[in-house]
2 protein chains.
Amino acid sequence: MAQMNKDSLIQFVQHVLPMSGGKAEQLVEKFEPRKIGRNEYLLKEGVVCNESHFIVEGLMRSFIYDLEGRDVTTAFYSRAMFPSDLLSFFKRVPSKEYIQAITDCETWYISYKDMQASFHEMPEFREFGRLNIINQYGILKQRMLSMLQETAEQRYSALIDSNQEVLQNAPLKHIASYLGITDTSLSRIRKDFIKK
Amino acid sequence: MAQMNKDSLIQFVQHVLPMSGGKAEQLVEKFEPRKIGRNEYLLKEGVVCNESHFIVEGLMRSFIYDLEGRDVTTAFYSRAMFPSDLLSFFKRVPSKEYIQAITDCETWYISYKDMQASFHEMPEFREFGRLNIINQYGILKQRMLSMLQETAEQRYSALIDSNQEVLQNAPLKHIASYLGITDTSLSRIRKDFIKK
DNA sequence: CCCATTTCTTGCCATATGCTAAGCGCAAGC
DNA sequence: GCTTGCGCTTAGCATATGGCAAGAAATGGG
């Protein structure tokens, strides 16, 4: 396997918490490369999430089965994002959701054990970790707001503006459940959309 | 002003991260009491959130004005919750939302500066802080899921089951915008609900 | 290459929710 | 006591979305 390049991860760390390149390299020292094939699972329901992945290339989604057995997409993850069940990872409880690769993916990952060790050894890592969680929270909150304020069509419009990759690779029904509507409705919305 | 009792805060800390009572007392040493009157603002848009409050008694809500100028309730906060704009507090950016007391409130609060100091001095405080943020994330995620999967009526039902205090003190229009519907719709849902 | 499956679209009708406006009850202030 | 404003309900109609089903189009596996 060709040696993967850590640059995107290092740049991401520096973007979250400004620091020297050398320090950033030190922070990500424990991250290991991984390739995940299309349709492969990164995490399954009932399992404690034990790794934190950073996506270099590819697209993933997380989903759950609701009470009626419907597959509900809870998030999409593409380049420079961390697909994981934060609750499961940090609280060491079984995951309630699945995470699956939509396309072939390449990631850098670190185990829970190594992350805890780095938390203890490097104050910058702690700070990076905290800011990263806060950012996840911010993303989720923004999405919550869009559910409260916007129509399904507006949410769809925002999604294709912000993440073309999802549109091109994820099947319509997964996008629909992510937006909180049915695939039928999304198909109609898309039709109206083309006219404009 | 009568001396407020720190027990509920101490118990909360121990609940989030099990530790001895003495250790817990040490953790919350920097928290100061505060009384907030009905309708008073804890935080306003454009201001950097500088304090983290723990509610001992009372009810608050956070809200924003959307692009059309509508008042949208983003959260309710009651006993043992932390009303704050996490993003503003930890990233030191201006808040996008308001936080206002619905009833007279009593809180224990700590300043950003003191919290940072405690983070550096006490590993347990760091761990408590991280778990606390993760828990906030979990609450938000759960609410996101309810928006994706449940009808407005189911969300209303869940709210009155879990937080009677909101129902009794918050005006219907604020509950409605929190649920993502109009006050008209909520009034109808409530009517249907009584029949059952 | 063919078959089976999945994905997407569309039509029909039902239901949920929004918008506007009217009306009622209640509490605050003059 | 009266007015005013607010909170809540209700009605009529418009729009958005869902449920179901059929069929077309694309995809994948042998």
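A salt bridge is a side-chain nitrogen of Lys or Arg within 4 Å of a carboxyl oxygen of Asp or Glu. By that rule, two salt bridges cross the interface of chain A and chain B. The structure discussed here is a predicted model. It places chain A in contact with chain B, and residues of both chains surround DNA strand C and DNA strand D. The points below take up the interface between the chains, the two DNA strands and three individual residues.

**Interface of chain A and chain B**

- In this interface, 34 residues of chain A are in contact with 34 residues of chain B.
- The two chains bury about 3,300 Å² between them, and 70% of that area lies on carbon and sulfur atoms.
- One of the two salt bridges joins A:E97 to B:K141, with the closest N and O atoms 3.0 Å apart.
- Four residue pairs are in polar contact across the interface, both residues of each pair being at pLDDT 80 or more.
- On the side of chain A that touches chain B, the elements that give two or more residues are β5 (71–77), α3 (86–91), α4 (112–121), α5 (123–149) and α8 of chain A.
- Helix α5(A) provides the largest share of this side, with 17 residues.
- By class, the side of chain A that touches chain B consists of 17 nonpolar, nine polar and eight charged residues.

**Surroundings of DNA strand C**

- DNA strand C is surrounded by 16 residues, of which A:L172, A:K173, A:S187, B:T182 and B:S185 are the closest.
- Sugar or phosphate accounts for 65% of the atoms of DNA strand C within 4 Å of the protein, and bases account for the rest.
- Two side chains reach phosphate oxygens of this strand: a polar side-chain atom of A:S187 lies 2.9 Å from one phosphate oxygen, and a polar side-chain atom of B:T182 likewise lies 2.9 Å from a phosphate oxygen.
- A base is also approached, since a polar side-chain atom of B:R188 lies 3.0 Å from a base nitrogen of DNA strand C.
- Two or more residues of the surface near DNA strand C come from each of α8 (172–179) and α9 (183–195) of chain A and α9 (183–195) of chain B.
- The largest share of that surface, five residues, is given by α9(A).
- The residues of the surface near DNA strand C comprise five nonpolar, six polar and five charged.

**Surroundings of DNA strand D**

- DNA strand D is likewise surrounded by 16 residues, and the closest are A:T182, A:S185, B:L172, B:S187 and B:K191.
- Of the atoms of DNA strand D that come within 4 Å of the protein, 69% belong to sugar and phosphate.
- Phosphate oxygens of this strand are approached by a backbone N or O atom of A:A152 at 3.3 Å and by an N or O atom in the side chain of B:K173 at 3.1 Å.
- An N or O atom in the side chain of A:R188 is 3.3 Å from a base nitrogen of DNA strand D.
- The elements giving two or more residues to the surface near DNA strand D are α9 of chain A, together with α8 (172–179) and α9 of chain B.
- Helix α9(B) gives the largest share of this surface, five residues.
- The surface near DNA strand D has four nonpolar, six polar and six charged residues.

**Individual residues**

- B:S146 lies in helix α5 (residues 123–149) of chain B, and its side chain reaches the backbone oxygen of B:R143 at 2.7 Å.
- B:S146 counts as buried because its relative accessibility is 14%, and buried means under 20%.
- B:V93 is placed in the loop between α3 (86–91) and β6 (98–101) of chain B, and it counts as partly exposed because its relative accessibility is 34%.
- Not counting residues up to four places away in sequence, B:V93 touches B:V47, B:V48, B:L87 and B:S88.
- B:V93 and B:V47 are 46 residues apart along the chain, and their C-alpha atoms are separated by 7.9 Å.
- A:M4 is found in the segment before α1 (7–16) of chain A, and with a relative accessible area of 10% it is buried.
- Neighbours within four places in sequence aside, A:M4 is in contact with A:P33, A:R34, A:V56, A:E106, A:T107 and A:W108.

Definitions and conventions: Residues numbered from 1 in each chain as written. Chains lettered and ligands numbered in written order. Heavy atoms only, no water. Near = heavy atom within 4 Å. Polar contact = N/O pair within 3.5 Å; in protein donor to acceptor, adjacent residues only side chain to side chain. Helix = DSSP H or I, 4+ residues; strand = E, 2+ residues; numbered from the N terminus. Nonpolar A, V, L, I, M, F, W, Y, C, P; charged D, E, K, R; others polar. Contact = heavy atoms within 4.5 Å. Buried area = accessible area lost by both parts, 1.4 Å probe. Buried < 20%, exposed > 50% of the residue type's maximum accessible area, 1.4 Å probe, protein only.
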